[in-house]
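Colleague: Could you pick one part of this model and take me through it closely, then show me how it sits in the rest? Please give the cut-offs as you go, since I'd like to know what each word stands for.

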Amino acid sequence: MQITFWGVRGSYPVPGAATVRYGGQTSCVEARSAKGECVIVDAGTGMRALGNKLMREATGPQRYNVLLSHVHWDHIQGLPFFSPAYVPGTRIAVHALLTAADELNSVIGGITRHEFFPMPLEAVPAVFDFHQVEPGVEFDLGPFHVIPIALNHPFGSVGYRLDCDGASWAYISDTAPFDQVIHKQHFLKGPEPLSADDKVSLDAMRQALVRRLDGVDTVVYDTHFLPEEYARFPHYGHSTPDQAIEICVEARVRRLVLYHHAPSHGDDQMDQIAATYLAKGAAAGIEVLTSFEGMTLPIGGEFDPPERTNPGVGPA
Ligand SMILES: [Zn+2]
Ligand SMILES: [Zn+2]
């Protein structure tokens, strides 16, 4: 199995001179089995270039599986621009944490309403299936075994552990650490004191995450904030690399990949973040890499650090 990063930003795309090396597209990762089966995790703007690559590879209409962490803009905005959706006979299964598949249908249909986009969802040639996921309820997509994991984010988010070819990786984005409840009110007003029930449910969420990540080869984690930024916005629903290292070390993860980079962090600052946390990770006994657009990582087995080559335009 291997994974490729097509978008590594959080919140909104930031193409431009300051983000050429790490990339400016929002969240999208492609997982590939050794036999070439594919699962797409999140559908941010990075999904557009992925769709173009899949079109070049395809010999005819295909079936695609898309796992969504949640439906904030930076995780779904690439979907209307995913070119295989315009090939008749294509089927696209979208899996997400919503109360019902018909609600997911209306969310995805909503972003292609005629006011926003020239072709409504019902007119798109591909057939879309919508599937609700629930934390802890495991399922299989071809050779991939998928475990959804509850995360701490406004209106909820779900991470995924994927096992395939005898190896495992996990996608943990978006999430705050587990010391306060993140929901709509907090986003508007800031954090509030925790009730005893809140503390119990947050502890359970954190324990379940650590248990699901136990022994995983590679974890891709929402590390949007530096510690000083997190101190100002603890209620926004994102983590720091230090918080991700703590969780991953506890879960005996081999390798942590920093992801969902803040749009304000340009290439030079990203270089500093990468160097700082490579060293902090080494001191804590874990390999810490920093994702960039176009990075491909083999999962499991021997590993050489990837070279950063022209990521600004996405993978070839
Ligand atoms: Zn996000
Ligand atoms: Zn979000």
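**From one edge of the sheet to the other**

Modeller: Let's start with β5 (residues 91–96) and strand β6 (residues 127–132), which run parallel and are joined by six bridges. Across that pairing, Ala93 in β5 faces Asp129 in β6. Before going on: this is a predicted model, where local features need pLDDT of at least 70 and side-chain atom pairs count only at pLDDT 80 or more, while totals for chains, interfaces and linings use all residues. Residues are numbered from 1 along each chain as its sequence is written, and chains are lettered from A and ligands numbered from 1 in the order in which they are written.

As for the vocabulary, strands (E, at least two residues) and helices (H or I, at least four) are DSSP runs numbered from the N terminus. Two strands pair if DSSP finds at least two bridges between them. In general, strands of a sheet pair through backbone hydrogen bonds, and can do so parallel or antiparallel.

β5 also pairs with strand β4 (residues 63–67), again in the parallel sense, over five bridges. Here Arg63 stands opposite Arg91. Zoom out and you get an open sheet of seven strands, ordered β6-β5-β4-β3-β2-β1-β14, with mixed pairing. Its edges are β6 and β14, each of which pairs on one side only. Ignoring direction, neighbouring strands here are turned by 20 degrees against each other on average; axes are lines fitted to C-alpha atoms, for helices over the stretch in contact, and angles run from 0 to 180 degrees between N-to-C directions. Helix α2 (residues 101–111) packs on this sheet, touching β5 and β6, and its direction makes about 130 degrees with that of β6. Contact means that the C-beta atoms of two residues, placed from the backbone, lie within 7 Å.

Now go over to the β14 end. β1 (residues 2–7) is joined to strand β2 (residues 28–32) by five bridges, and these two run antiparallel. Three bridges join β1 to β14 (residues 296–298), also antiparallel. Ile3 is a handy residue to click on: it stands opposite Ala31 in β2 and opposite Leu297 in β14. Gln2 has Pro298 as its bridge partner in β14.

How enclosed is β1? Five of its six residues are buried, so the strand is largely enclosed by the rest of the structure. Buried means that 20 or more other C-beta atoms lie within 10 Å of a residue's own, exposed means 12 or fewer, and partly exposed is in between, with C-beta atoms placed from the backbone.

Follow the chain out of β1 and you reach Arg9, in the loop between β1 and β2. Arg9 counts as buried because it has 28 C-beta neighbours inside 10 Å. Leaving aside neighbours within four places in sequence, Arg9 is in contact with Val14, Gly24, Gln25, Thr26, His261 and Pro263. Asp74 is 65 residues away from Arg9 in sequence, yet 8.0 Å away in space, C-alpha to C-alpha.

His261 is a good excuse to look at His260, which sits in the loop between β12 and α7 (267–284). Though not a glycine, His260 has a positive phi of about 55 degrees. Is His260 buried or exposed? Buried, because 29 C-beta neighbours lie inside 10 Å. Compare Arg252, in the loop between α6 (241–250) and β12 (255–259). Arg252 also has a positive phi, about 60 degrees, without being a glycine, but it is partly exposed, with 13 other C-beta atoms within 10 Å. One more backbone check: the peptide bond from Ser173 to Asp174 is cis, with omega near 5 degrees.

Finally, the whole thing. The protein comes to seven helices and 14 strands, and 46% of its 316 residues count as buried. Among contacts between residues at least 6 apart in sequence, 68% join residues at least 24 apart. The radius of gyration is 18 Å, which agrees with the value near 20 Å for a compact globule of 316 residues; it is taken over C-alpha atoms, and the globule rule is 2.2 Å times the number of residues to the power 0.38. Along its principal axes, the C-alpha trace spans about 50 × 45 × 40 Å.
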